[in-house]
Amino acid sequence: MKNLLKKLKFKIQAKLITYKHVEYKRKKFEDRSVLEEIIFPNVLAEFDPQKILDIGREDYQYFYNEFFKGRELWTLDIDPEREEFGSKNHITDNVSNLENHFNKNTFDFILMNGVFGWGLNKKDKVESALEAIYNIMRPEGLFILGWNDVKELTPVPLLDIKALQKFKKYTFKPLKSSDFKCTNGEHTYSFFIKK
Ligand SMILES: C[S@@+](CC[C@H](N)C(=O)[O-])C[C@H]1O[C@@H](n2cnc3c(N)ncnc32)[C@H](O)[C@@H]1O
């Protein structure tokens, strides 16, 4: 009962945030609505993450800090012009350098959506980025990788990324999958837990 109420609370919060900021009608399972209206509220209700890192921030995400109000949210992007769309704790750097900024076992929840294949493309950088994500995540923390499952946007097959194999796959119950494919652009959310 308590859990149901929590889910309801975060679902209503997500609805209000998107109602306020999103100007067009989205389809239920397109990548943005999956992220904002299914993933965020359920992660908040089930994991109650206190330290969160969101990697890669675009202008259309200027309102994303609102989802994590009252929590310690960090954002990072390689492009200095993205700083204004980040949280008050924002870092401009390559995701591969994460360990220059954070201690091991720091974050409860890390999201990296649309960065792999969208700038993070070299095999060695992909490997060091995912190794760093693993290291700065606390044990049992949740990592979500958002990526496009098409050849042109998959610089390294996921199964060939050694650092990813350190994680265990996690079935995200609200989407009944550990690799949920959205209805647009083959956009896929893959869910991992740090062992
Ligand atoms: C296509 S946008 C996606 C942003 C966003 N996370 C989303 O959900 O749509 C890609 C973003 O990743 C950033 N980016 C690309 N390569 C990066 C890297 N190696 N390290 C950090 N940020 C990177 C870009 O500057 C850009 O803001």
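In which sense do strand 5 and strand 8 pair, and over how many bridges? In this predicted model, the pairing is antiparallel and spans seven bridges. Strand 8 covers residues 187-194. Within this pairing, Asn148 of strand 5 stands opposite His187 of strand 8.

Strand 5 also pairs with strand 4. Here the two strands run parallel. Strand 4 comprises residues 107-113, strand 5 residues 137-148, and six bridges join them. Ile110 has Phe143 in strand 5 as its bridge partner. Helix 3 completes a β-α-β unit with strand 4 and strand 5. The unit is right-handed.

Helix 3 spans residues 123-136 and contains Leu130. Is Leu130 buried or exposed? Leu130 counts as buried because 28 other C-beta atoms lie within 10 Å, against a threshold of 20 or more. Contacts of Leu130 beyond four places in sequence are made with Ile161, Ala163 and Leu164. Leu130 was also compared in position with Asn97. These two residues are 33 residues apart along the chain, and their C-alpha atoms are separated by 10 Å.

The ligand environment was examined next. A total of 16 residues surround the ligand. Gly56, Ile78, Asn113, Gly114 and Gly119 are the closest. Of these, Asn113 falls within the range of strand 4, residues 107-113. How is the shell around the ligand divided by class? Five residues are nonpolar, six are polar and five are charged.

How values were computed. Residues are numbered from 1 along each chain as its sequence is written. This is a predicted model: local features need pLDDT of at least 70, side-chain atom pairs count only at pLDDT 80 or more; totals for chains, interfaces and linings use all residues. A residue is near a molecule or strand if its C-beta atom, placed from the backbone, lies within 6 Å of it. Ala, Val, Leu, Ile, Met, Phe, Trp, Tyr, Cys and Pro count as nonpolar, Asp, Glu, Lys and Arg as charged, and the others, Gly among them, as polar. Helices (H or I, at least four residues) and strands (E, at least two) are DSSP runs, numbered from the N terminus. A residue is buried if 20 or more other C-beta atoms lie within 10 Å of its own, exposed if 12 or fewer, and partly exposed in between; C-beta atoms are placed from the backbone. Two residues are in contact if their C-beta atoms, placed from the backbone, lie within 7 Å. Two strands pair if DSSP finds at least two bridges between them. A crossover is right-handed if, with the strands pointing away from the viewer, the path from the first strand over the helix to the second runs clockwise.
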